[in-house]
Amino acid sequence: MAIVFRQETFRDDFTYRNSPENIRRFPFPFPDDAYMYSVNVEPHVKGAKGTVFENLIDVDEHYIAEMADRALVLKEDPLRYQALPHMMLAQWDTLELLMEQQAEGYPEHFTLTKDGDRWRWINRPLGIDDTFTFGDATTLPMEPLEYISRQAQGDITIVDQRDGNLWMDAGMVTTQADWSLDFDIGMNFMEWHGPVPLAHQQGVFERALKFLLNLQLGRPVRRYNWTMTVNPRLDTSPENYPKWGRDRTTVTPQNVGEKVHLRVELQTLWRLPRSNAILFVIRCYLMNMDELVTVPKWGRRLHRVLKTLPPELVDYKGLSRYRDDAVAWLSKHDDGAPTGAGT
Ligand code: HEM
């Protein structure tokens, strides 16, 4: 069925909202009443219809608005897209994967036709119909990764595998939770994870790296990460901190429902066929507290997770200024009933 795309903004007047159908498919990430970091990685396989796992690359009602917001970010700051020269093959791998997955999942919106190396790509929501030669960057209007990541929801990094490590050597990062591609480019797995509290001591990153170095072609994996954001703002980057940092001081007990958003990242990791690099897609889903409590078990659970969140994580995720207001607001939606296991 064709998706009805919303017209909305992620800045200024913040008109972003979820339709009731989209709330129902929100990837609520907490299987438990308490949260701590772990190596929470599982196979990325297709799931039920009407969930974000219906297709392996998810497209939803926010697609057109998100692509417009990305274009605005890039206009102001072209360094949100970067690729080191040795990543060209991985760029083509990524273009192929995203075109194939979107065309397979949403044939009414995207069509990919291959005639040898001559490919035709039709993206109806964005009004694009391009023919190019796969492997020849001169036949596209821009580098392949920039081209396709302007047409796919979610941030993207491509990591190169060498010397028993992973290196962040390419990416399109415009919807991030306070980290910077421009800062991290060229870093390895342990280096870019440097600021994360507690997880290093618990061996989380050592185990995660070992796992990823053995990631197999055709067997992608996924994990959730999450934080909170004030206002439905996609671009909460360090580069634009002056624009959004002060939003955290605007939360009051009265406006929590509208202003405070759960920000869920559905992260998928794919071994790429020609380059042996790994594609890391960070798909961001936003939902405000008013929307979230329309599903009663989510309200109960988020209340408990936030209330018991370790102080180091409250601080790292930038929640210190408004966590207490959010917990107090959510407490009215927690009747103390058992939530059971699972989401
Ligand atoms: C945070 C990238 C895989 C666990 C981060 C950050 C980046 C990042 C850029 C933000 C760090 C900062 O504060 O500056 C990546 C990339 C990956 C990857 C590119 C794959 C190639 C994983 C895996 C795990 C993991 C497999 C599994 C344990 C975490 C955790 C955080 C984090 C727990 C902190 C998130 C939070 O509390 O908001 N990652 N990561 N990462 N990463 Fe990864």
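The following exercises, each with a worked solution, concern a predicted model.

**Exercise 1. The surroundings of the ligand**

Task: Determine how many residues surround the ligand, which are the closest, and how the shell divides by residue character.

Solution.

Step 1. The shell around the ligand consists of 23 residues. Tyr-37, Trp-192, His-193, Tyr-316 and Lys-317 are the closest.

Step 2. Polar atoms are examined next. An oxygen atom of the ligand lies 2.4 Å from a polar side-chain atom of Tyr-37. In the side chain of His-193, an N or O atom is 2.8 Å from a nitrogen atom of the ligand. For Lys-317, a side-chain N or O atom is found 2.8 Å from an oxygen atom of the ligand.

Step 3. The shell is then assigned to elements. Two or more residues come from each of β6 (155-162), α6 (189-192), α7 (204-213) and β8 (221-230). The largest share is that of α7, with four residues.

Step 4. By character, the shell comprises 16 nonpolar, four polar and three charged residues.

**Exercise 2. The second largest pocket**

Task: Describe the volume and the lining of the second largest pocket.

Solution.

Step 1. The volume of this pocket, the second largest, is about 610 Å³.

Step 2. Its lining is made of 21 residues, and those closest to its centre are Met-1, Ala-2, Ile-3, Arg-25 and Glu-54.

Step 3. Helix α1 (residues 20-24) provides the largest share of this lining, three residues.

Step 4. Sorted by character, the lining of the second largest pocket has nine charged, seven nonpolar and five polar residues.

**Exercise 3. Aromatic pairs and a cluster**

Task: Classify the pair Tyr-63 and Phe-110, and state whether each residue is buried or exposed.

Solution.

Step 1. The structure contains 19 aromatic pairs. Tyr-63 and Phe-110 have ring centres 5.6 Å apart and planes at 80 degrees, so this pair is edge-to-face; the cut-off for that class is over 60 degrees.

Step 2. The two partners belong to distant parts of the chain, 47 residues apart: Tyr-63 is in helix α2 (residues 63-76) and Phe-110 in strand β3 (residues 110-115).

Step 3. Buried means under 20% relative accessible area. Tyr-63 has 0% and is therefore buried. Phe-110 has 1% and is therefore buried.

Task: Carry out the analysis for Phe-189 and Phe-205.

Solution.

Step 1. The ring centres of Phe-189 and Phe-205 are 6.1 Å apart and the angle between the planes is 75 degrees; the pair is edge-to-face.

Step 2. This pair links helix α6, which holds Phe-189, to helix α7, which holds Phe-205, and the two residues are 16 residues apart.

Step 3. Phe-189 has a relative accessible area of 5%, so Phe-189 is buried. Phe-205, at 10%, counts as buried.

Task: Which residues form one aromatic cluster?

Solution. One cluster is formed by Phe-26, Phe-28, Phe-30, Tyr-35, Tyr-37, Trp-226, Tyr-285 and Trp-298. One of its members, Tyr-37, is among the residues closest to the ligand.

**Exercise 4. Enclosed cavities**

Task: How many cavities of 30 Å³ or more are there, and which residues line the largest and the second largest?

Solution.

Step 1. The count is three cavities of 30 Å³ or more.

Step 2. The largest cavity has a volume of about 110 Å³. Of the 14 residues in its lining, Leu-56, Ile-57, Asp-58, Val-281 and Arg-283 lie nearest its centre.

Step 3. At least two lining residues of the largest cavity come from each of β9 (260-271) and β10 (278-288). Strand β10 gives the most, three residues. Eight residues of this lining are nonpolar, four polar and two charged.

Step 4. The second largest cavity holds about 40 Å³ of space. Its lining consists of Phe-28, Lys-297, Trp-298, Arg-301, Thr-339, Gly-342 and Thr-343. Among these, two are nonpolar, three polar and two charged.

**Exercise 5. Positive phi angles**

Task: Where do Asp-163 and Asp-178 lie, and are they exposed or partly exposed?

Solution.

Step 1. Asp-163, although not a glycine, has a positive phi of about 50 degrees. Asp-163 is located in the loop between β6 and β7 (165-172), and at 70% relative accessibility Asp-163 counts as exposed.

Step 2. Asp-178, also a residue other than glycine, has a positive phi near 60 degrees. Its place is the loop between β7 and α5 (181-184). At 38% relative accessibility, Asp-178 counts as partly exposed.

Key:
Residues are numbered from 1 along each chain as its sequence is written. Side-chain values use heavy atoms; hydrogens and water are left out. A residue is near a molecule or strand if one of its heavy atoms lies within 4 Å of it. A polar contact is a pair of N or O atoms within 3.5 Å; within protein, one must be able to donate a hydrogen and the other to accept it, and residues adjacent in sequence count only if both atoms are side-chain atoms. Ala, Val, Leu, Ile, Met, Phe, Trp, Tyr, Cys and Pro count as nonpolar, Asp, Glu, Lys and Arg as charged, and the others, Gly among them, as polar. On a 1 Å grid over the protein atoms alone, a cavity is a set of points where a 1.4 Å probe fits but cannot get out, and a pocket is an open set with protein on both sides within 12 Å along at least five of seven lines; lining residues have an atom within 4 Å of a point. Grid points are joined across faces, edges and corners, and a volume is the space filled by probe spheres set on the points. Rings of Phe, Tyr and Trp (its six-membered ring) pair if their centres lie within 6.5 Å; planes under 30 degrees apart count as stacked, over 60 as edge-to-face and the rest as tilted. Buried means under 20% relative accessible area, exposed over 50%, partly exposed in between (1.4 Å probe, protein chains only).
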